[in-house]
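I opened the file to look up a few residues and one pair of helices. My notes follow in the order in which I checked things.

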Amino acid sequence: MAVAVGPSAAQTHIENLPRLGEAAGDELSPAAERRLGEQIMRELRRERAFFDDAEVDDFLNRFGAKLTSAPAAAGYDFDFFAVLDTTVNAFALPGGYIGVHTGLITTAQSESELAAVLAHEIGHVTQRHIARMLAQQRQSSMMMLAALVLGVLAARSNPQAIGGFATLGDQVARSTMLSFSRDAEREADRVGLEIMQHGGFDPTAAVTFFGRLQQIGRVYENNAPAYMRTHPLTTERISDLQLRIREARYRQRVDSLDFRLIQAKLRAIGDSSIDGARNARQTFERLTQQGGRDDPAAWFGLATVAFAQRDFAAGEQ
C-alpha cells in the first residue's frame, strides 16, 4: 500500500539503491549491503530522522565497540545511532547500521540489559539475516526497499515514523517474513549471548530483560512494547536463552558512570513538552534531596532539564 500511494516519491531514491543481484545469486553481497545501508543513512541524515546528539552518539559507539570486538563480529563495520523515541526498540539496517531508540536506553535497568539488545542486533548483522531475507523474498524485495525509502521520506513530517519502517518494511512484509524471522531471532539470540560474554557483560540480563518485556506484553496485549512487535518474543526463545545461560559463568558487572549520565540526560529531555520537562525536573529534585544527593547522575539530570527549560541560573548552580 505504501508503494501504491507514493511510487513517484520513492522512485528516484530506489533507482540510486544498489542492485540486488541476479536471480541466481544466493544473497546480497556484503559490499552491496553496506552501500544500501549508506544510502539509507544519507536519507536519514538529510531528513534529520535520528537524534543528533554528540554525547549520546559517542556513548553508543564506544559502548557498541565493547561488543563488536568479539570474534563473532570480526570483519564487519558497525555504526550505532540514536532515534529520539520513548518506545523500547532497536533495529538493524543493512550494512551494520544499528538504530537505538532512546526509550530503550532509559528503560534498561543495567548496562548488561542494553548490551543484550545491541548484541542481538549485532547478531542479525553478522548472520546476514537482511541479505538472506532479501534473497528469500525476491518477489517483494523492491517493495520492502521502497517501504524503507518511503519511511525515510515520511520522517520529514513525523520523525517517529522511521521506527516502523526501519525494520525492513515491518508493516508491509511481516506476514511473509514471520516464519523466517523466528529462526533469525533464535540465531541472533545465540550469537548475541556469545558477544555479550566476550564483552564482559552479564548474560542473565538477556533473560531478565526479554522476560520483563514478555510479561508487559501479556498484561497489555493491545499495547505491547515495540520491541516485541518487531522481534517476536516467544516462550521457546526465553527457554532457549535460559538453557544456554545455565552453561555460562555468572558475571557481575557494575554499571559505568557514563551509562548512568546518558540515562539521566535522556530522561531529562526525552519528553520536551512543558508537562514532561516539569515532571522530569521534579523527579530529579526529589532524587538530589533524598538518596541520590551524592549521585552525580541525579545532579546531571537536574542540570540538563534546567538548561532545557532555559533556567540557566539553576542549571549552572
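Entry 1. In which loop does Arg128 lie? I am working on a predicted model, and in that model I find Arg128 in the loop between α6 and α7, the latter covering 129–136. I looked up its backbone next: phi of Arg128 is near 55°, which is a positive value in a residue other than glycine. Is Arg128 buried or exposed? I get a relative accessibility of 9%, and because the cut-off for buried is under 20%, Arg128 counts as buried.

Entry 2. I looked for a positive phi elsewhere. Arg310 has one of about 65°, although Arg310 is not a glycine. I place Arg310 in the loop between α16 and α17 (312–316). Its relative accessibility is 63%, and the cut-off for exposed is over 50%, so Arg310 counts as exposed. I also noted Arg48, just after α3, where phi is positive at about 50°.

Entry 3. Arg48 led me back to helix α3 itself, residues 30–47. How far does α3 reach from its first C-alpha to its last? I have 26 Å for its 18 residues, close to the 26 Å expected at 1.5 Å a residue. I then listed the buried residues of α3. Among them are Ala32, Leu36, Ile40, Met41 and Leu44. The list also includes Glu33, Arg34, Glu43 and Glu47, as well as Gly37 and Gln39.

Entry 4. Past α3 I checked Asp53, whose place is in the loop between α3 and α4 (54–68). At 13% relative accessibility, Asp53 counts as buried. I also looked up its separation from Ala82: the two are 29 residues apart in sequence and 8.3 Å apart in space, C-alpha to C-alpha.

Entry 5. Next I took Ala116, in helix α6 (residues 111–126). With a relative accessibility of 4%, Ala116 counts as buried. Which residues is Ala116 in contact with, leaving aside its neighbours within four places in sequence? I find Met196, Ala205, Ala206 and Phe210. I also recorded Val207, which is 91 residues from Ala116 along the chain, with 8.8 Å between the two C-alpha atoms.

Entry 6. I turned to a helix pair. Two packed helices are described by the angle between their axes and the distance between the axes. For α15 (residues 274–289) and α16 (residues 296–308), the axes come within 9 Å and cross at roughly 150°. That angle makes α15 roughly antiparallel to α16, since the cut-off for that label is over 145 degrees. I note the crossing of α15 and α16 as left-handed.

Entry 7. Which residues of α15 meet α16? On the α15 side I have Ala277, Ala280, Arg281, Phe284, Glu285, Leu287 and Thr288. On the α16 side they meet Ala297, Ala298, Trp299, Gly301, Leu302, Val305 and Ala306. The residues of this contact divide into ten nonpolar, two polar and two charged.

Entry 8. I closed with totals for the chain. I count 17 helices and three strands. Of the 317 residues in the chain, 51% are buried. What share of the contacts with a separation of 6 or more comes from residues 24 or more positions apart? I get 70% for the chain.

Notes
Residues numbered from 1 in each chain as written. Predicted model: local features only at pLDDT ≥ 70, side-chain atom pairs only at ≥ 80, totals over all residues. Heavy atoms only, no water. Helix = DSSP H or I, 4+ residues; strand = E, 2+ residues; numbered from the N terminus. Expected span 1.5 Å × (residues − 1). Buried < 20%, exposed > 50% of the residue type's maximum accessible area, 1.4 Å probe, protein only. Axes fitted to C-alpha atoms, helices over the stretch in contact; angles between N-to-C directions. Parallel < 35°, antiparallel > 145°, perpendicular 65-115°, else oblique. Left-handed = near helix turned anticlockwise from the far one by under 90°. Contact = heavy atoms within 4.5 Å. Nonpolar A, V, L, I, M, F, W, Y, C, P; charged D, E, K, R; others polar.
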